[in-house]
Amino acid sequence: MCIAKAAELLLKGELVAFPTETVYGLGADAENPEAVAKIYQAKGRPQNHPVIVHLPPDADISYWVSHVPEEAKLLIQHFWPGPLTLILPRAKHIPDAVSGGQPSIGLRCPSHPVAQQLLRAFAQLRPNAGVAAPSANKFGQVSPTSAAHVESEFPGEIQHHQLYVVEGGDADIGIESTIVDLSRIAEGIGAVLLRPGHITRQQLADVLGYMPASPDKAAPRVSGTLKAHYAPHTPLQMVQKEDYKGLLTHIPKNEKWVLMGFPQDLLKLQELAISHLSVVSHQNTLSLSDKQSTIDLYPVSDDPTVYAKSIYALLRQLDTQGYQRICVQALPQDLDWEALNDRLQRAAAAFES
């Protein structure tokens, strides 16, 4: 890891992947439209899909925006540095390449120490510098939570020295930042939660004094909110636990599926297993098999924070194990699970006809 080298590369308009507490980002100089264009090209990302600008803790927010509403000041005070992105009115001198042509801009200050070192080093080379960085993966695919994930996603770019990867260990949170729109406060529209994340709707409400609204048709476009997103290569579907028994009888002949579920519910599934299925134990999974088809049962945590930290790494792992389908137990509908429901439902939508 060389922070100085990475900062120099950003200044030259090159791409740098770096760790944050949420996922790894694919970064470029936010004020260099040609550099930002390289992000879109590498990811295969639509040009009108905005990226988030990452700033160091001591950044001057007013450089990037035309107005900082009181709600933004409150949320910054409580949650920055941290996994919160604020959508604010973009300053006129900031190129619209980072906002997909919109008059708004997404800003966040990550808490990961390596990210902060990089952002500070870049700002020392050029005052007020920021790094535009969506997740470091091909567009619509599973986000990376380790440097190894990034390297597997962009082998050609790394081999040809078009991408430098800063190592920073595994991401602590594991899913993308919460995104709150505050760009329309002057129009009388309060805070809108555009993408749920580790910081929950209730936590935002506790600070703001009111519950953030859900997106309306006029809400700004932001990262990760298309209907289909965060998808593995293996088809993924959500399954209600009440439908487990039917699932066992519908696996096509000679196919191998996997079911991710809460341990207590997977135990019930074993009890429901049709008599001709045998239960085979291996590592931390159980297989139900009739020698023509198999479903592996993979227990996952019933704690949403623990689940979130491991979900993307697990989906990448399962993608390599020859399954024809990944089934995921439907999650609770309370606010603590809102972010995970958002990610997994979008992942499943990628395979809906």
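Contact, on this tour, means heavy atoms within 4.5 Å. Keep that in mind for the neighbour lists below, and remember that you are looking at a predicted model.

**The whole chain**

Start zoomed out, with a cartoon. The protein has 11 helices and 15 strands. Its radius of gyration is 21 Å, close to the 20 Å that the globule rule gives for 353 residues, so the protein is as compact as a globular protein of that length. Turn the C-alpha trace onto its principal axes and you get a span of about 70 × 50 × 35 Å.

Switch on a surface. About 15100 Å² is accessible, and carbon and sulfur atoms own 51% of that. Of the 353 residues, 57% count as buried. If you draw the contacts with a separation of 6 or more, 71% of them come from residues 24 or more positions apart.

Now colour by charge. There are 29 positive and 37 negative charges, and their mean positions lie 4 Å apart.

**Stop 1: Tyr 307**

Select Tyr 307, which sits in helix H10 (residues 304–318). With a relative accessible area of 2%, this tyrosine is buried, because the cut-off for buried is under 20%. Show what surrounds the side chain: leaving out residues up to four places away in sequence, Tyr 307 touches Met 260, Phe 262, Val 300, Ser 301, Val 328, Leu 331, Trp 337, Leu 340 and Leu 344.

For a sense of distance, add Ala 59 to the selection. Tyr 307 and Ala 59 are 248 residues apart in sequence, and their C-alpha atoms are 32 Å apart in space.

**Stop 2: Ala 30**

Next, go to Ala 30, in the loop between strand S2 (25–29) and helix H2 (33–43). Is Ala 30 buried or exposed? Buried, at 1% relative accessibility. Beyond the residues up to four places away, Ala 30 touches Val 36, Val 53, Trp 64, Pro 95, Val 98, Gly 130, Val 131 and Ala 132. Select Ala 129 too: 99 residues separate Ala 30 from Ala 129 along the chain, yet their C-alpha atoms are 7.5 Å apart.

**Stop 3: a cis peptide**

Select Trp 80 and Pro 81 and look at the bond that joins them. The peptide is cis, with omega at about -10°. Pro 81 belongs to the loop between helix H3 (70–79) and strand S4 (84–89). As background for this stop and the next, most peptide bonds are trans, and most residues other than glycine have a negative phi.

**Stop 4: two positive phi angles**

Pick His 161, in the loop between helix H6 (155–159) and strand S7 (163–165). Its phi is positive, near 60°, in a residue other than glycine. His 161 is exposed, with a relative accessible area of 71%.

Then jump to Asn 254, in the loop between helix H8 (244–248) and strand S11 (256–261). Asn 254 is not a glycine either, but has a positive phi of about 70°. On the surface view Asn 254 is exposed, at a relative accessible area of 59%.

**Stop 5: Gly 190 and Ala 213**

Select these two together. Gly 190 is in the loop between strand S8 (178–181) and strand S9 (192–195), while Ala 213 is in the loop between helix H7 (201–208) and strand S10 (236–239). How far apart are their C-alpha atoms? The separation is 7.6 Å, with the two positions 23 residues apart along the chain.

Gly 190 counts as partly exposed at 29% relative accessibility, and Ala 213 is partly exposed too, at 37%. Setting aside residues up to four places away, Gly 190 touches Asp 181, Ile 185 and Tyr 210. On the same terms, Ala 213 is in contact with Ala 191, Val 192, Leu 193 and Arg 201. Leu 193 is worth a distance label: its C-alpha lies 6.0 Å from that of Ala 213, 20 residues apart along the chain.

**Last stop: cysteines**

Finish with Cys 109 and Cys 327. Cys 109 is buried at 2% relative accessibility, and Cys 327 is buried as well, with a relative accessible area of 0%. How many disulfides does the structure hold? Zero.

Notes:
Residues are numbered from 1 along each chain as its sequence is written. This is a predicted model: local features need pLDDT of at least 70, side-chain atom pairs count only at pLDDT 80 or more; totals for chains, interfaces and linings use all residues. Side-chain values use heavy atoms; hydrogens and water are left out. Helices (H or I, at least four residues) and strands (E, at least two) are DSSP runs, numbered from the N terminus. The radius of gyration is taken over C-alpha atoms; the globule rule is 2.2 Å times the number of residues to the power 0.38. Buried means under 20% relative accessible area, exposed over 50%, partly exposed in between (1.4 Å probe, protein chains only). Accessible areas come from the Shrake-Rupley method with a 1.4 Å probe; for residues, only the protein chains shown count as cover. Lys and Arg count as positive and Asp and Glu as negative; His and the chain ends are not counted. The place of a charge is taken as NZ of Lys, CZ of Arg, CG of Asp or CD of Glu. A disulfide is a pair of cysteine sulfur atoms within 2.5 Å.
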